[in-house]
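User: I'd like to go through the labels in this structure and hear what justifies each one. Can you walk me through them?

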Amino acid sequence: MTSTSWVLLALAVLVVLLLAWAAFTLTRLRRLAGRVDRAWVTLEGTLARRAELADAVAREHADELGPLRADALRSAAAAARRPSGGDREVAENALGRLVRELPEPLRAPELDDAGWRVGLARRFYNDAVRDTRALRRRPGPRTLRLHARRPMPRFFDIDDGLDAVVGTGPAGRG
């Protein structure tokens, strides 16, 4: 073989390796996008469940809560289901704050459990977003514009007591 043949062979091997890497990375990006989508669906479900339970507590315990607090809780639950202006994080923060301020006897165990589930679902979602953003920001995928047409996923940041979630769970509380 001549030196030109060796150069062409080396170039062909490099092209094959680059294509294999690009295919692997694109597959990984697609899997991460699916992970983000599934985590978002789960997070939305847990947020909806918490809003339903908060609304039920406001209706069932309206006398104990008082009219102002019951109306505020009902309004916050409605706003969390359909946030005005599209800012779901603000609506969820308002609902979460009101739920945490409920007196202990009125807070149903299901509502506490829903709060824990929201914290965990948010954590799984944000982990998926972090992994996706990290891979998409690497030089290779950015240069080859892999997944460039897909929007960059956004973190979902709410005050849900996540620090407590990574400590002891609902079963660990006394």
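User: Why does tryptophan 40 count as partly exposed?

Analyst: Tryptophan 40 has 26% relative accessibility. Buried means under 20% relative accessible area and exposed over 50%, with partly exposed in between (1.4 Å probe, protein chains only), so tryptophan 40 lands in the middle class. Keep in mind that this is a predicted model: local features need pLDDT of at least 70, side-chain atom pairs count only at pLDDT 80 or more, and totals for chains, interfaces and linings use all residues. Residues are numbered from 1 along each chain as its sequence is written, and side-chain values use heavy atoms, leaving out hydrogens and water.

User: How many aromatic pairs are there, and what makes the one between tryptophan 40 and tyrosine 125 tilted?

Analyst: The count is two aromatic pairs. For tryptophan 40 and tyrosine 125, the centres are 5.2 Å apart and the planes meet at 55°. Rings of Phe, Tyr and Trp (its six-membered ring) pair if their centres lie within 6.5 Å; planes under 30 degrees apart are stacked, over 60 edge-to-face, and the rest tilted. So 5.2 Å makes it a pair and 55° makes it tilted.

User: Which parts does that pair tie together?

Analyst: Tryptophan 40 sits in helix H1 (residues 3-60) and tyrosine 125 in helix H5 (residues 109-136), so the pair joins parts 85 residues apart in sequence. Helices here are DSSP runs (H or I, at least four residues; strands are E, at least two), numbered from the N terminus.

User: Is tyrosine 125 buried or exposed?

Analyst: Buried: its relative accessible area is 7%.

User: How do you know what kind of pair tryptophan 40 makes with phenylalanine 156?

Analyst: The ring centres are 5.5 Å apart and the planes are at 70°, so this pair is edge-to-face. It also links distant parts of the chain, with tryptophan 40 in H1 and phenylalanine 156 in the loop between helix H6 (139-144) and helix H7 (162-165), 116 residues apart. Phenylalanine 156 is buried, at 4%. Ring pairs thus link Trp40, Tyr125 and Phe156 into a cluster.

User: Why are H1 and H3 called roughly antiparallel?

Analyst: H1 and helix H3 (residues 67-81) pack at about 160°, with axes 9 Å apart. Axes are lines fitted to C-alpha atoms, for helices over the stretch in contact, and angles run from 0 to 180 degrees between N-to-C directions. Under 35 degrees is roughly parallel, over 145 roughly antiparallel, 65 to 115 roughly perpendicular, and the rest oblique. H1 and H3 are therefore roughly antiparallel.

User: What residues make the contact between H1 and H3?

Analyst: Among them are Ala51, Glu52 and Val57 of H1, and Leu73, Arg74 and Ala77 of H3; contact means heavy atoms within 4.5 Å.

User: How do H1 and H5 pack?

Analyst: At about 160° again, with axes 8 Å apart. That makes H1 roughly antiparallel to H5.

User: What makes arginine 50 buried?

Analyst: Its relative accessibility is 4%, so it counts as buried. Arginine 50 is in H1. Apart from neighbours within four places in sequence, its contacts include Glu92, Leu111 and Val118.

User: Which class does arginine 145 fall in?

Analyst: At 59% relative accessibility, arginine 145 counts as exposed. Arginine 145 is in the loop between H6 and H7, and its phi is near 55°, a positive value in a residue other than glycine.
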